Amino acid sequence: MDDYNLTTVTEFILIGLSDLPEVRYPLFVAFFIIYQITLLGNGAILLAIVTERKLQTPMYYLLANLSLLDIFCPSATVPKMLKNLLTEDHSISFVGCALQLYFLVALAGTEVFLLAVMAYDRYVAICFPLRYSLIMTKIRCVQLLFGTWTAGFLNSFMHTMATFSLSFCNSNQVNQYYCDIPPVVALSCSSTFIAELLILLMGSIFGVGAFLITLISYIYIVSTILKIQSVEGKRKAFSTCASHLLVVFLFYGTTIFTYIRPSSSNNSPARDRLISMLYGVITPMLNPIIYSLRNTEVKGALRKLLQFRICTQKA
């Protein structure tokens, strides 16, 4: 066995925006506000679904899980990022980095699968409206949700084990504001072939598979909507999936922008990290806004909650 197969790195340094010190405090304020809005918005969606009986259907159970993910996912990175912006200590322990990467990849993967299930739900609702209640039962919904969370966490477990089985004996500076697979793998002083192959295989099978389910579902949805004769019928059908479609565009658009786009030759690496940071925390904040503005039932439930809160404060 090679001598380098022993991990000598005990902690990592999250570079983040350490080379842009002039924006540290404005960014802290901005991200703190964004994070609070994210928690408040997604928490309100969850509360509305739990308290409003009319929203206790498979479609809104899926939305509740999306709101949970939009609370958990930024919570895996933002608190540590806020601490790093305020202090000079940008270190994270080896175990802490592994846990952060595990939960971040698990939650992001679960969201990919959940968006595919939500697209399938809208496909059944629009293409087979008379059979919807027979196909998307509460039991079927629970089974699909169990599958999405299980697949997301198992996928992340394999990636985390492959990544942290590598040897880290040179640099420990992670070129990001959180622990993610590409920047951590880049630090390895041993062969990264297995870890990179796993990324390629799992991404191709699960990531592309979930994307294709989403894409094909919406191809059928659009085709069905276009066959509806009345303008009012088309508007009603489109309104049932418009919010989810916007969320899908936002999620995949930001993912492609963050991971697939080439780094700008004109911008510094720190500015590229700043852009990735902005896109990573803004998406979970926008999702509840999209649903509360586009969905009349959610809007009505949130209005009831607000009126109830006002009445209790006056009492």
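**Exercise 1. The link at C97**

Task: Find the partner of C97 in this predicted model and describe the link.

Solution.
Step 1. Look at the sulfur atoms. Those of C97 and C179 are 2.0 Å apart. A disulfide requires sulfur atoms within 2.5 Å, and C97 and C179 form one.
Step 2. Recall what such a link is. A disulfide is a covalent bond between the sulfur atoms of two cysteines.
Step 3. Read the twist. The angle about the S-S bond is -120 degrees, and the link of C97 and C179 is left-handed.
Step 4. Place both ends. C97 belongs to helix α4, residues 94-127. C179 sits in the loop between β3 (173-174) and α7 (181-185). The two are 82 residues apart in sequence, so the pair ties together separate parts of the chain.
Step 5. Check the exposure of each end. The cut-off for buried is under 20% relative accessible area. C97 has 0%, so C97 is buried. C179 also has 0%, so C179 counts as buried.

**Exercise 2. The link at C169**

Task: Work out which way the link of C169 and C189 turns, and where its ends lie.

Solution.
Step 1. Start with the distance. The sulfur atoms of C169 and C189 are 1.9 Å apart, and the two residues form a disulfide.
Step 2. Turn to the angle. It is 120 degrees about the S-S bond, which goes with a right-handed link.
Step 3. Locate the ends. C169 is in the loop between α6 (138-164) and β3. C189 is in the loop between α7 and α8. They are 20 residues apart, and the pair links distant parts of the chain.
Step 4. Classify C189. Its relative accessibility is 21%, so C189 counts as partly exposed.

**Exercise 3. The cysteine pattern**

Task: How many disulfides does a search of the whole structure find, and what pattern do they follow?

Solution.
Step 1. Take the search result. The whole structure yields two disulfides.
Step 2. Count the bonded cysteines along the chain. The pattern is 1-3, 2-4.
Step 3. Look at two further cysteines. C73 has 14% relative accessibility and counts as buried. C141 has 1% and counts as buried too.

**Exercise 4. Salt bridges**

Task: Describe three of the four salt bridges found in the whole structure.

Solution.
Step 1. Begin with K83 and D89. Their side chains meet in a salt bridge at 3.9 Å, N to O. The cut-off is 4 Å. K83 is partly exposed at 37%. D89 is partly exposed at 39%.
Step 2. Go on to R122. This residue pairs with D121, and the closest N and O atoms are 2.8 Å apart. Both R122 and D121 are buried.
Step 3. Finish with E232 and R235. Their closest N and O atoms are 2.7 Å apart. Both lie in helix α9, residues 231-239. They are three residues apart there, so about one helical turn separates them. E232 has 43% relative accessibility and counts as partly exposed. R235, at 47%, counts as partly exposed as well.

**Exercise 5. A nonpolar surface patch**

Task: Which residues form the nonpolar patch on the surface, and is L200 buried or exposed?

Solution.
Step 1. List the members. They are F193, I194, L197, L200, L201, I205 and F206.
Step 2. Note their joint area. Together they have about 690 Å² of accessible area.
Step 3. Place L200. It is in helix α8, residues 193-227.
Step 4. Apply the cut-off. Exposed means over 50% relative accessible area. L200 has 56%, so L200 is exposed.

**Exercise 6. S276 and the whole protein**

Task: Set S276 in its surroundings, then summarise the protein.

Solution.
Step 1. Find S276. It lies in helix α11, residues 269-294. Its relative accessible area is 8%, so S276 is buried.
Step 2. Go to T254. T254 and S276 are 22 residues apart along the chain, with C-alpha atoms separated by 8.4 Å.
Step 3. Count the elements. The protein has 12 helices and three strands.
Step 4. Consider burial. Of the 315 residues, 45% are buried.
Step 5. Consider the surface. The protein exposes about 16600 Å², and carbon and sulfur atoms supply 69% of that area.
Step 6. Consider contacts. Take those between residues at least 6 apart in sequence: 79% join residues at least 24 apart.

Notes. Residues numbered from 1 in each chain as written. Predicted model: local features only at pLDDT ≥ 70, side-chain atom pairs only at ≥ 80, totals over all residues. Heavy atoms only, no water. Patch = residues over 30% accessible without salt bridge, like charges linked within 9 Å, V, L, I, M, F, W, Y side chains within 5 Å. Areas by Shrake-Rupley, 256 points an atom, 1.4 Å probe, with all protein chains shown as cover. Helix = DSSP H or I, 4+ residues; strand = E, 2+ residues; numbered from the N terminus. Buried < 20%, exposed > 50% of the residue type's maximum accessible area, 1.4 Å probe, protein only. Contact = heavy atoms within 4.5 Å.
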